[in-house]
Amino acid sequence: MDKLVIEGGIKLKGTAKVSGSKNSALPILAATLLTDEACIIRNVPNLRDTLTMLKILRTLGKSVEFDKGVVTIIQSRESGFTADYKLVSTMRASFCVLGPLLGKLKKAKVSLPGGCIIGVRPVDLHLKGFKALGADISVESGYVIATARKLKGAHMYLGGIYGSSVLATDNVVMAAVLAPGKTVIESAACEPEVADLTNFLIKMGARIKGVGTPILEIEGVEKLHGVEYSIIPDRIETGTFLVAGLITGGDIVIKDGYYQHLGAVIDKLQEAGAYIERFDNSLRIKSKSKLHPVNVTTLPYPGFPTDMQAQMMSLMCITKGISVITEKIYPDRFMHVAELNRMGAYIQREGPHAIVEGVKSLSGAPVMASDLRASACLVLAGLVAKGVTSVSRIYHLERGYEGLESKLQKLGAKIWREKEKI
Ligand code: EPZ
């Protein structure tokens with residue numbers, strides 16, 4: 001296993017280019033199961049998670065080529081309908097192959113995804129949507145088995161106790177696009193990645209209204225055809241680089257950073273003291289003067305994204321004053337708190353709240369990544385800490401950030417990879 005070693009204290013300068021969105025690529029790759037025709041998908045990030053999804057597509061009868069961000073998918077043999085445990089257990093988002101398999105083949109057998117370190121991660125809303133469309137659902141030895149003599153459009157409400165669900169919306173939309181009749185999904189997720197999937201399906205010939213809004217209306221069609229499509233840039237990677245520029249007191253430009261997808265994050269960073277310039281498809285950030293503490297509450301889009309909570313916490317660790325971070329999507333998503341405190345931060349956990357009292361400086365230390373966004377937060381803390389920080393178990397980071405260390409090196413960061421001594 002590798003670790004990242006960071007020597008803190010460098011102000012980042014220059015330009016970084018953001019890769020394609022992981023959380024768009026995963027459902028869009030799954031959506032190719034809805035057609036036997038060839039699909040070409042561009043701007044796909046080369047990540048552990050996207051490679052896992054390509055492996056799953058191969059087990060389901062697709063032949064897949066992936067070269068320089070372009071994925072070419074064609075039907076190589078009869079479609080399978082079982083996504084097995086060993087692959088699904090490595091990436092819970094694989095569960096979103098269930099919708100397209102059910103939609104196209106009227107049968108699917110997909111391993112129930114486990115929970116993960118950030119929360120229980122239930123799938124009740126996914127199953128509610130499939131049942132509303134007329135599927136029979138059973139759970140046997142850890143697999144969800146979904147079958148339907150035929151699917152039929154239905155009216156449903158997909159909001160849960162934490163609000164809308166991104167992958168449940170993706171999954172049910174993909175099951176509905178070939179279902180005869182009209183489907184209405186209320187409390188659909190509005191994240192840009194859901195809109196990207198919906199646009200991809202429309203390009204395949206699906207009939208969907210309300211893209212990017214909480215109410216989606218789908219008219220089922222007979223068949224979907226192959227397409228060429230380009231994935232939107234990754235807004236969470238953009239947000240992570242915005243924090244990297246601010247936390248180091250630097251001045252960076254983020255190419256393919258779409259301000260339209262990051263309203264809540266940009267607003268909070270400006271409140272914290274950032275100077276942010278918006279261009280059509282890039283952003284520039286530098287610190288105006290000293291940083292100010294801010295309170296953050298994570299919410300479904302367009303609220304502040306839970307996937308930026310840990311990164312914001314790093315910034316607040318070195319911001320004089322008290323900041324309160326409230327996690328409303330995954331109340332346990334605070335594995336990074338203990339690691340930040342090891343670096344000299346002063347954070348107290350109170351249920352879904354983390355109370356951060358800014359300190360003058362963090363000190364470099366060996367820390368351990370626990371999940372994707374916690375790893376990013378520890379790298380950000382290492383960039384500003386005095387001395388050397390080593391972040392172990394960076395396979396978590398590689399799930400969602402394409403070449404992060406080389407992008408940071410180009411901005412002047414002293415960051416390198418080393419083998420973990422066992
Ligand atoms: C997506 O996960 C993202 N993953 C997550 O990003 C992101 O944190 C999350 O949305 C919230 O924005 C992908 O898109 C691959 P949810 P998803 O269903 O869809 C509850 C990252 O770092 N819920 O929107 O699985 C759930 O427990 C990852 O890139 C139910 O109650 O999340 C949570 O509290 C981490 N029942 C809330 O809804 C369900 O059936 C929102 O979860 C489904 C979800």
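Helix 5 gives the most to the shell around the ligand, contributing three residues in what is a predicted model. Beyond this leading contributor, the helices that each supply at least two residues of the shell are helix 1 (22–31), helix 5 (124–132), helix 6 (166–176) and helix 12 (372–384). The shell also draws on two domains, with at least three residues coming from each of domain 1 (2–19 + 233–419) and domain 2 (22–230).

In total, 23 residues surround the ligand, and the closest are Asp124, Ser165, Leu167, Asp307 and Ile329. When the residues of this shell are divided by class, eleven are nonpolar, five are polar and seven are charged.

The table sets out polar atoms of the protein that lie close to oxygen atoms of the ligand, with the part of the residue involved and the separation.

| Residue | Polar protein atom | Ligand atom | Distance |
|---|---|---|---|
| Arginine 92 | side chain | oxygen | 3.0 Å |
| Valine 166 | backbone | oxygen | 2.8 Å |
| Isoleucine 329 | backbone | oxygen | 2.6 Å |

In arginine 92 the polar atom belongs to the side chain, whereas in valine 166 it belongs to the backbone, as it also does in isoleucine 329. On its own the ligand has 820 Å² of accessible area, and the protein covers 91% of that area.

Apart from the ligand shell, the second largest pocket holds about 190 Å³ of space. Its lining is made up of 13 residues, among which Lys11, Leu246, Ile247, Thr248 and Gly249 lie nearest the centre of the pocket. By class, that lining comprises six nonpolar, five polar and two charged residues.

For enclosed space, the count comes to one cavity of 30 Å³ or more, and the largest cavity has a volume of about 40 Å³. The residues that line the largest cavity are Thr240, Phe241, Ala244, Ala376, Val379, Leu380, Leu404 and Leu408. Two or more residues of this lining come from each of helix 8 (235–247), helix 12 and helix 14 (404–410). Helix 12 therefore appears in two settings, since among the elements defined as DSSP runs it supplies at least two residues of the ligand shell and also gives two or more residues to the lining of the largest cavity. In class, the lining of the largest cavity divides into seven nonpolar residues, one polar residue and no charged residue.

Two features of the backbone geometry complete the description. The peptide bond that runs from tyrosine 301 to proline 302 is cis, with omega near 10°, and proline 302 has its place in the loop between strand 18 (296–297) and helix 10 (309–317). Lysine 106, although it is not a glycine, has a positive phi of about 60°, and this lysine 106 lies in the loop between helix 4 (98–105) and strand 7 (107–111).

Key. Residues numbered from 1 in each chain as written. Predicted model: local features only at pLDDT ≥ 70, side-chain atom pairs only at ≥ 80, totals over all residues. Heavy atoms only, no water. 1 Å grid on protein atoms, 1.4 Å probe; cavity = no way out; pocket = protein on both sides within 12 Å on 5 of 7 lines; lining within 4 Å. Points joined across faces, edges and corners; volume = space filled by probe spheres on them. Nonpolar A, V, L, I, M, F, W, Y, C, P; charged D, E, K, R; others polar. Near = heavy atom within 4 Å. Polar contact = N/O pair within 3.5 Å; in protein donor to acceptor, adjacent residues only side chain to side chain. Areas by Shrake-Rupley, 256 points an atom, 1.4 Å probe, with all protein chains shown as cover. Helix = DSSP H or I, 4+ residues; strand = E, 2+ residues; numbered from the N terminus. Domains from an automatic or database assignment.
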